[in-house]
Amino acid sequence: MPPPNVAHDTESSSDAERAADATNEPQPGGSLKAPSNSTSDSLARRDRRDDNRDDERMPAATWRFILDGGDGSGCADDSGAVSTSSLDSLHYEYIEENGRTYHARPKGESYWYCWPNDEPQKDSLDIFHHAFYLSLKGSLYLAPIGENVQNVLDVGTGTGIWAIDFADKNPSAHVIGTDISPIQPTWVPPNAEFRIDDCNLDWTFRKDYFGLVHARGMAGSIPDWSTFAKEAFDASKHGGYFECHEVLMRFESDDGTLKDCNSMNRWGDFWESAGIKSKRSFTVAKDGTLKKSMELAGFTDIEEHDYKARPMSLRRLDLC
């Protein structure tokens, strides 16, 4: 697996504890069709100090897909182009190809994502979540955010498992998970919510709002990583972090045993070629794009960490 990336600012949050349910028990969220109002790690520091406003509170939520929360956490910009949108039946009109289903593309929305959103894919995403969890030695993140982080954003939340686990472990935090497919569960902690959001459009979240912006497995989905990192920078508050975990699509080995493995090399070549053709690179962790994008966005003190995943079955399958 490749590296997670994280960006931060040194000042601690002055927000009071969010009024979440003390037990943080899951709550029913209602019908989705009835919308309401390598692993590598990078740590970057944000130096801007131009806004001393106190963060407004959003009420604890269970399951909501929101166009505008009314509190500045989700609103349209002056151009009218928004990334978050209210949920309707069009978002359930999945595209079916070769026996797999893929995210819907409602009129006016230009989502582009190469992976399916069906049950096998959701199982795969949850397995990867556990793999990352083990790689981080039982932690959900690396950023030193402290125990009282207030607002957290999980970009490309997938099944929502990271956001749910984070909300369970941090009942004072308000956690928002965004994705282009409504595939998350309907029973979630009271301090977590999910929204339909295309992160490649202008972000609609309030500036200087999140103590942690988390993303994982976005390689192959982002056409402009500099813009992506800049949106994360603007959305993160002073003292906040941007943490991004990405997986290498090419197998490597310390002792060189995979250097001449044709099957593994063809696998890596395929994904590099796919990234070039789609203009959505799969090599951002390996080639330094991820770190450079954080630097250009304004983050400082960036740290990178590499983690190794050992494929136990390679030799048994005799792939080389």
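Reader: Which residues of helix α5 (residues 289–297) are buried?

Author: The model is a predicted one. In α5 the buried positions cover an arc of only 100° around the axis, which puts them on the same side of the helix. These buried residues are Leu290, Ser293, Met294 and Ala297.

Reader: Why do residues a few places apart in a helix point the same way?

Author: Residues three or four places apart share a direction because of the length of a turn. In an α-helix, a turn takes 3.6 residues.

Reader: Which exposed residues does α5 carry on the face turned away from its buried side?

Author: The buried residues of α5 are on the same side because their arc is only 100°. The face turned away from that side carries exposed residues, and they are Lys292 and Leu296.

Reader: Which residue just after α5 takes a positive phi?

Author: The helix α5 runs over residues 289–297. The residue just after α5 has a phi of about 115°, and it is Gly298.

Reader: Is Asp301 buried, partly exposed or exposed?

Author: Asp301 is found in the loop between α5 and α6 (314–317). Asp301 is not a glycine, yet its phi is positive, at about 55°. Its relative accessible area is 43%. Buried means under 20% and exposed over 50%, so Asp301 is partly exposed.

Reader: Where does Asn98 lie, and is Asn98 buried or exposed?

Author: Asn98 lies in the loop between β4 (95–97) and β5. Asn98 has a positive phi of about 55° although it is not a glycine. Its relative accessible area is 82%, and the cut-off for exposed is over 50%, so Asn98 is exposed.

Reader: Is Ala104 buried or exposed?

Author: Ala104 lies in the loop between β5 (100–102) and α1 (119–135). Its C-alpha atom is separated by 9.8 Å from that of Asn117, which is 13 residues apart from Ala104 along the chain. The relative accessibility of Ala104 is 2%, and the limit for burial is under 20%, so Ala104 counts as buried.

Reader: How many of the residues of helix α3 (residues 225–235) are buried?

Author: The buried residues of α3 include Trp225, Phe228 and Phe233. Glu231 and Asp234 are also among them. The helix is largely enclosed by the rest of the structure, because the number of its residues that are buried is 8 of the 11.

Reader: Which elements do the buried residues of α3 pack against?

Author: Helix α3 is largely enclosed by the rest of the structure, so its partners are worth listing. Its buried residues pack against β6 (151–155), β10 (210–216), β11 (236–245) and α5.

Reader: Which residue caps the N-terminal end of α3?

Author: The cap uses a side-chain oxygen, placed 3.1 Å from the backbone nitrogen of Ser226. The residue that supplies this oxygen is Asp224.

Reader: Which element gives the most to the largest nonpolar core?

Author: The largest nonpolar core has 27 residues, and those with the most contacts inside it are Val155, Trp203, Phe228 and Phe242. At least two residues of this core come from each of β6, β10, α3, β11 and α5. The element that gives the most, with 6 residues, is α3.

Reader: How many residues of β6 are buried?

Author: One side of β6 holds Asn151, Leu153 and Val155, and the other holds Val152 and Asp154. Both faces are covered. The buried count is 5 of its 5 residues.

Reader: Which residue in β10 is the bridge partner of Asp154?

Author: Strand β6 is joined to β7 by 5 bridges, and the two run parallel. In β7, Val155 has Thr178 as its bridge partner. Strand β6 also pairs with β10 in the parallel sense, over 4 bridges. There the bridge partner of Asp154 is His214.

Reader: What is the handedness of the β-α-β unit made by β6, helix α2 (residues 161–169) and β7?

Author: The strands of this unit, β6 and β7, run parallel. With α2, they make a β-α-β unit that is right-handed.

Reader: Which residue stands opposite Gly177 in β9?

Author: Strand β7 (residues 174–179) pairs with β9 in the parallel sense over 5 bridges. In strand β9 (residues 192–197), 6 of its 6 residues are buried. The residue of β9 opposite Gly177 is Phe194.

Reader: What is the length of the polar contact between the side chains of Glu193 and His174?

Author: Glu193 is in strand β9, where Glu193, Arg195 and Asp197 point one way and Ala192, Phe194 and Ile196 the other. Glu193 is buried, with a relative accessible area of 0%. Its side chain is joined to that of His174 by a polar contact of 2.9 Å.

Note on methods. Residues are numbered from 1 along each chain as its sequence is written. This is a predicted model: local features need pLDDT of at least 70, side-chain atom pairs count only at pLDDT 80 or more; totals for chains, interfaces and linings use all residues. Side-chain values use heavy atoms; hydrogens and water are left out. Buried means under 20% relative accessible area, exposed over 50%, partly exposed in between (1.4 Å probe, protein chains only). Two strands pair if DSSP finds at least two bridges between them. The arc is that of the directions from the helix axis to the C-beta atoms. A polar contact is a pair of N or O atoms within 3.5 Å; within protein, one must be able to donate a hydrogen and the other to accept it, and residues adjacent in sequence count only if both atoms are side-chain atoms. Contact means heavy atoms within 4.5 Å. A crossover is right-handed if, with the strands pointing away from the viewer, the path from the first strand over the helix to the second runs clockwise. A nonpolar core is a set of buried Ala, Val, Leu, Ile, Met, Phe, Trp, Tyr and Cys residues joined through side-chain atoms within 4.5 Å.
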